[in-house]
Amino acid sequence: MILRRKTRQVVLGDDAHGFVRIGGDAPVSVQSMTAGYTHDIDACVAEIHKLAAAGADVVRVAVPEKKDTAALKEILPQVSVPIVADVHFHFQRALEAIEAGVHKIRLNPGNISDRAQVKDVIQACKARKLPIRIGVNEGSIIERKDKQKRLKELGGVFSDNKHGHFLAIMITKLEEYLDVFREEDFHDIVISAKSIDPLLVIDAYKAISERFDYPLHLGVTHAGPKETGTIRSVVPLGHLLASGIGDTVRISYANDPVYEVQDGLELMYILGLRVRKGAELIACPSCGRIQVDLFKLVQDVRKQLEKEITLPIKVAVMGCVVNGPGEAEGADVAIFAGDRKGIIYVQGERVANVPEADILPTLLAECRKFQDRVARG
Ligand code: SF4
């Protein structure tokens with residue numbers, strides 16, 4: 001069991017959109033961000049619905065222009081999850097988004113740094129009891145021109161010197177920014193410190209968690225396409241979460257953000273930080289002992305389980321009985337294939353021996369029966 005770091009707690013939301021707690025004893029929430037234009041109201045609403053249906057607890061939208069904050073007034077009544085306005089460069093966008101009724105603001109110290117402007121945003125959030133995320137992304141707090149020069153001097157992107165230098169800048173910028181919030185006695189703060197470098201992400205969040213008790217929003221910035229971004233993201237995020245650090249998570253891919261939500265939730269489930277809604281599927285990787293079309297069977301089982309099973313039961317699909325029974329230990333319902341047939345077990349008890357064509361329907365029938373048993377208690 002993971003012992004989570006104690007933090008303050010912030011709450012965002014309202015009766016119409018539900019409330020999400022971040023930090024303290026709240027479960028780690030999963031966020032995502034719409035990929036389309038916010039001012040394209042119907043498309044934005046549809047995307048928010050899609051992300052909420054996938055399980056996103058919170059959805060962020062970009063508001064680069066006044067037409068985007070204007071659109072929020074029409075978007076908010078049509079959606080049912082708390083919405084965060086992502087603000088860069090123009091503090092007025094934050095004020096407009098607050099006025100429109102968003103539930104949280106994200107500010108970037110790298111491009112909104114004027115103290116008076118930041119104070120205006122803080123006061124507007126304070127009046128409406130809205131939290132603010134301070135996102136000190138490596139890419140935006142370090143001047144691009146200066147960064148290239150410093151990188152050369154420090155020995156390259158992955159050098160220890162670069163690592164320590166950029167970490168120090170991120171922490172210093174954060175300290176300076178937090179001073180403004182402290183002056184305003186504002187503490188409904190969430191902090192993020194994203195980088196493309198997974199090791200810097202780990203060190204930055206660890207350093208921040210040692211200095212402050214604000215809840216942390218974990219993420220890797222510009223993680224890339226899903227095919228490679230998954231590893232880039234889950235290595236640092238998994239490490240931090242397993243160390244008890246992190247209160248809300250956004251995995252970011254250059255792809256449909258529904259994948260971000262699915263993978264964020266899966267990360268929570270496998271670390272035991274959230275209770276899975278639906279079946280957990282275990283499957284063997286297949287090898288030369290296989291005697292059924294295992295990859296197809298696994299995908300067919302996965303798709304049907306997603307449709308039919310809503311309780312957290314454990315299902316195993318194993319290619320043979322050589323290592324199968326041992327590796328599927330703990331599965332509620334399991335199938336062991338062999339010689340174009342499948343032997344099905346429920347909680348370790350053999351219940352059926354069926355030809356290959358009947359494996360899928362029989363396995364699913366046993367899963368439904370088992371789910372009914374669990375539901376009846
Ligand atoms: Fe190979 Fe059987 Fe293990 Fe699957 S369960 S990987 S088929 S030995």
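# A guided tour of a predicted model

Begin with helix α3, whose buried residues pack against α2 (66-75), β5 (83-87), β6 (104-107) and α4 (115-128). The model on your screen is a predicted one, and each stop below names what to select in it. If you select residues 91-100, you have the whole of α3, and within this helix F91, R93, A94, E96, A97 and I98 are the buried residues. Step past the end of the helix to G101, which follows α3 and has a positive phi, near 105°.

**Two loop residues**

Next, select K129, which lies in the loop between α4 and β7. Although K129 is not a glycine, its phi is positive, at about 55°. Is K129 buried or exposed? A residue counts as exposed if 12 or fewer other C-beta atoms lie within 10 Å of its own, and K129, with 12 other C-beta atoms within 10 Å, is therefore exposed.

Then move to H222, in the loop between β9 (217-218) and α9. H222 is another residue other than glycine with a positive phi, in this case near 50°. With 14 other C-beta atoms within 10 Å, H222 is partly exposed.

**Two pairs of strands**

Select residues 9-14 and 18-23 together, and you will have strands β1 and β2, which pair in the antiparallel sense over six bridges. A hairpin of three residues joins β1 to β2, and to find one of the bridges you can pick V11, whose partner in β2 is R21.

For a parallel pair, select strand β7 (residues 132-135) and β8, which are joined by four bridges. One of the bridge partnerships here is that of I132 with I189 in β8. Now show the side chains of strand β8 (residues 189-192): I189 and I191 point one way, V190 and S192 point the other way, and all of them are buried. In a regular strand the side chains alternate between the two faces of the sheet.

**A pair of helices**

Select helix α8 (residues 198-211) and helix α9 (residues 226-242), which pack at an angle of about 25° with their axes 9 Å apart. Because angles under 35 degrees count as roughly parallel, α8 and α9 are roughly parallel to each other. The crossing in which α8 passes α9 is right-handed. To display the contact itself, choose P198, V201, I202 and Y205 on α8, together with R232, V235, P236, H239 and L240 on α9.

**The five-stranded sheet**

Now look at the open sheet of five strands, which has mixed pairing and the order β11-β12-β13-β14-β15. Which strands stand at the edges? They are β11 (280-283) and β15 (349-355), and each has a single partner strand, so one side of each is left without a neighbour in the sheet. On average, neighbouring strands of this sheet are turned by 15° against each other, direction ignored.

Within the sheet, select β11 and strand β12 (residues 314-318), which run parallel and are joined by four bridges; here E280 stands opposite K314 in β12. Add helix α11 (residues 294-308), which packs on the sheet and touches β11, β12 and β13 (333-338), while its direction makes about 165° with that of β12.

**The whole chain**

Finally, zoom out and colour the model by domain, following the domain assignment of the protein, which gives domain 1 (9-270) and domain 2 (280-376). The C-alpha centres of domain 1 and domain 2 lie 40 Å apart.

Conventions: Residues are numbered from 1 along each chain as its sequence is written. This is a predicted model: local features need pLDDT of at least 70, side-chain atom pairs count only at pLDDT 80 or more; totals for chains, interfaces and linings use all residues. Domain bounds come from an automatic or database domain assignment. Two strands pair if DSSP finds at least two bridges between them. A residue is buried if 20 or more other C-beta atoms lie within 10 Å of its own, exposed if 12 or fewer, and partly exposed in between; C-beta atoms are placed from the backbone. Axes are lines fitted to C-alpha atoms, for helices over the stretch in contact, and angles run from 0 to 180 degrees between N-to-C directions. Angles under 35 degrees count as roughly parallel, over 145 as roughly antiparallel, 65 to 115 as roughly perpendicular and the rest as oblique. A crossing is left-handed if the near helix is turned anticlockwise from the far one by less than a right angle, and right-handed if clockwise. Two residues are in contact if their C-beta atoms, placed from the backbone, lie within 7 Å.
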